[in-house]
Amino acid sequence: MDDCSKRFRLVINNTAQVFPPVGGVYLITDQDDNLVERVRIALRGGVAVLQYRAKEKSHETRLEEGRELKQLCKRFGVTFIVNDDIRLARELDADGVHLGQDDGGIAEARELLGPGKIVGKSTHNLDEALQAEQEGADYIGFGAMYPTDSKVITHMPGTSGLCAIRDRIKLPVVAIGGITTSNACRVIDAGADAVAVISSVLSSPRPDIAAAELKLLFNRTCPYP
Ligand code: 3NM
C-alpha cells in the first residue's frame with residue numbers, strides 16, 4: 001500500500017493552489033471524430049479542467065475547434081488549457097497552457113500569455129518536478145501512472161513514484177497515464193490533486209458517466225487495503 005494517504009494529506013493540506021484551482025477530473029482531448037460532442041457529454045459528468053491537445057491538426061482547425069471547446073468550458077465553468085501551443089492559447093484567450101519537457105520555458109509562456117494565466121508542466125521524476133516548481137509552474141503533470149495506448153510512454157513512475165515525490169512538491173500534482181475508474185482511487189490515494197485522462201472518458205460509450213465516476217472518487221473513502 002502507498003503510505004502517503006490523500007485523506008490524511010487533505011487534513012494538513014498546504015498545497016499552493018492556483019486560481020481557478022487545478023484539481024479533480026482533468027480531461028484531455030483525443031484525435032477522434034465528434035470531439036466537441038463527446039466533450040460536451042463528458043463535461044456534464046463533472047470535469048474541472050479541459051486540456052485541448054491537438055498535435056496533428058492544422059492551426060485553422062485548432063482555432064475553430066478550440067473556440068467551440070472554450071465556449072463549452074465557459075458554459076460549464078470548466079478551466080480551459082491549451083497543450084503546447086502558446087500562440088494558440090493566446091489567440092483563444094485560454095485560461096492557460098500546458099508545456100511538455102521540450103516545449104520551452106515557463107517564464108517565456110508567462111510573458112507571452114500575460115498575467116493571470118495558468119502554466120502547467122509535464123514531469124516524470126522528482127528532478128523535473130522540483131525544476132518546474134522552481135521555474136514557477138502553477139501545477140505539474142506527473143506520469144505515467146500506468147501503461148497506455150494514448151501516447152508512447154518513456155517513463156512510468158507509477159503510483160509509488162507519485163507517492164515518493166508528493167511530500168517534496170507544494171504544487172498541485174496532476175497524475176496522468178492509463179488512469180481509469182478502476183485504478184484512479186490508488187492514484188488519488190497516492191496524492192494526486194487531479195487525474196488527467198483521455199481514453200477512459202472520451203472512448204467510453206458514456207463519457208458523462210465515466211467523468212462522474214472519476215469525480216466521485218475524490219470524495220469517497222478508498223476501498224484498497
Ligand atoms: N501524457 P490516457 S500519458 C498525454 O505520462 C499523456 O506524460 C502522459 O492518456 C505522460 O488517459 C498521456 O488515455 C496519455 O492513458 C494519457
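In the predicted model, 17 residues surround the ligand, and those that come nearest are Gly143, Ala144, Thr148, Ser150 and Ser199. By class, this shell comprises nine polar, seven nonpolar and one charged residues. Two elements of secondary structure, strand E6 (139-143) and helix H9 (199-202), each contribute at least two residues to the shell.

The backbone next to strand E6 departs from the usual geometry at one of these positions. The peptide bond between Gly143 and Ala144 is cis, with omega at about 5°, whereas most peptide bonds are trans. Ala144 itself belongs to the loop that connects E6 with H7, and both Gly143 and Ala144 are among the residues that come nearest to the ligand.

Strand E6 also takes part in a parallel arrangement of strands. E6 and E7 run parallel and are joined by four bridges; within this pairing, Phe142 has Ala175 of E7 as its bridge partner. Together with helix H7 (residues 158-166), the two strands E6 and E7 form a right-handed β-α-β unit. On pairing with strand E8 (residues 194-197), E7 again adopts the parallel sense, here over three bridges, and Val174 is matched with Ala194 of E8. The connection from E7 to E8 passes through helix H8 (residues 184-189), and this β-α-β crossover is likewise right-handed.

The side chains of a regular strand alternate between the two faces of the sheet. In E7 (residues 173-176), Val173 and Ala175 point one way, Val174 and Ile176 point the other way, and all are buried.

Two further residues stand out by their backbone torsions. Most residues other than glycine have a negative phi, yet Asn34 has a positive phi of about 55° and Asp84 a positive phi of about 65°. Asn34 is placed in the loop between strand E1 (24-28) and helix H2 (35-46), while Asp84 occupies the loop between strand E3 (79-83) and helix H4 (86-91). Their surroundings can be set out in terms of neighbouring C-beta atoms. Asn34 is classed as exposed because 10 other C-beta atoms lie within 10 Å, and exposure requires 12 or fewer. Asp84, in contrast, is buried because 20 other C-beta atoms lie within 10 Å, a count that meets the threshold of 20 or more.

At the level of the whole protein, the secondary structure consists of ten helices and eight strands. Of its 225 residues, 48% count as buried. Among contacts between residues at least 6 apart in sequence, 61% join residues at least 24 apart.

Conventions: Residues numbered from 1 in each chain as written. Predicted model: local features only at pLDDT ≥ 70, side-chain atom pairs only at ≥ 80, totals over all residues. Near = placed C-beta within 6 Å. Nonpolar A, V, L, I, M, F, W, Y, C, P; charged D, E, K, R; others polar. Contact = placed C-beta atoms within 7 Å. Pairing = 2+ DSSP bridges. Right-handed = clockwise from strand over helix to strand, strands pointing away.
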